[in-house]
Amino acid sequence: MTRPVDTVDAVVCDLDGVVITGSAAVEHAVPALAGLPVPVVFATNNASRTPEQVGDHLRSLGVQVTDGAIITSSVAAARELSTQLPAGAPVLAVGGEGVSTALRAVGLAPRGPEGGGEVAAVVQGYGPQVTAADLAAVAAAIRSGARWIATNDDLTLPTADGPAPGNGSLVQAVRNTVTVDPEVMGKPHPPIYALAAAAVGATPERTLAVGDRLETDIAGACATGMPSALVLTGVHGPAEAAAAPPRHRPTHVLPDLRGLTAPYPRAEADGSWSVRGAARARFGEGLEAHGEGIDAIRVALDVLWAAVDAGRVTPGEARRLMSTR
């Protein structure tokens, strides 16, 4: 019986909900990462912090990581522009410190919205201090011909008071005033995952993307051609996974990061039953499942995904069936 990590050369790991929750570490995450036999790169859509700031936070929790193994969506945006623009080219930087720092690191010249003058490109990222005037400067630069790069298009971001507008909401506000679409670097778009794999010399096909969100982490893996693992320590659980379209479905489902090095039963058939380990399920008049633990979740997802694809059940019904089992 193989382990998820045995089939790949590297792991690219999300942070929020997978390694950290708020300022603390997710249970079991730190020792699980330390025990991996392959290199790990951390990829996050959070564009406001620098790799050094992210690295300092991780190291304070006990994670052994270098700043070079942290790829933010700002880093992905800056690396992309550095292949297209000459050194020293002016770029309008909107968002947190992470945006301007990433641009300087690749030899480009970030300018603030108040700087004025023509720019070759705009990198728009999230920052808590972004203002309406900043967005107006972005729109004006785009209309003047600047290339428009968005670090990510997450519509919301989590806060203690519930979801707040994320960078995608700010990007949409600008899009309402211009006639072009942005180039998006963060998940679920491929650039950030492709860059993460390249950072450790791995191909996307041999890199396992690990995350807790189906529409960003897992969808980004599918778009990049990577196998993926949904970890059930964050935003999305089995019910949401059951309703996921094929392009958002993970290769593996793990209770937490320890699952990367735990035996993973392959899917097998026993007559009308689907089997994983000691768990089994089938779909007749409804979902019939036997077993406990993570293998029972995995085999139920196998059956429900097949039922959805065959038109026997809607995604909403699959979600309901999984949530009530």
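1. F42 and its contacts. In this predicted model, F42 touches C13, L15, V19, L33 and L58. V63, V65, A69, I70 and I71 are also among its contacts. Residues up to four places away in sequence are left out of that list.

2. The core around F42. F42 is among the residues with the most contacts inside the largest nonpolar core. The others named there are C13, V19, L58, V210 and L257. This core has 55 residues. Helix α10, residues 293-309, gives the most to it, with ten residues.

3. A second core. Apart from the largest core lies another, of 29 residues. A77, L85, V99 and A221 are among them.

4. The open sheet. Which strands form it, and in what order? Four strands are involved, ordered β16-β17-β18-β19. Their pairing is antiparallel. β16 (268-270) and β19 (287-290) stand at the edges. Each has a single partner strand, so one side of each is left without a neighbour in the sheet. On average, neighbouring strands of this sheet are turned by 25° against each other, direction ignored.

5. The β16 edge. β16 pairs with β17, residues 273-276, over three bridges. The sense is antiparallel. To check the register, look at A269: its bridge partner in β17 is S274.

6. Helix against sheet. Where does α10 lie relative to the strands? α10 lies across β17, β18 (279-283) and β19. The helix runs at about 20° to β18. So much for the sheet side; α10 is also the element that gives the most to the largest core.

Notes
Residues are numbered from 1 along each chain as its sequence is written. This is a predicted model: local features need pLDDT of at least 70, side-chain atom pairs count only at pLDDT 80 or more; totals for chains, interfaces and linings use all residues. Side-chain values use heavy atoms; hydrogens and water are left out. A nonpolar core is a set of buried Ala, Val, Leu, Ile, Met, Phe, Trp, Tyr and Cys residues joined through side-chain atoms within 4.5 Å. Buried means under 20% relative accessible area, exposed over 50%, partly exposed in between (1.4 Å probe, protein chains only). Helices (H or I, at least four residues) and strands (E, at least two) are DSSP runs, numbered from the N terminus. Contact means heavy atoms within 4.5 Å. Two strands pair if DSSP finds at least two bridges between them. Axes are lines fitted to C-alpha atoms, for helices over the stretch in contact, and angles run from 0 to 180 degrees between N-to-C directions.
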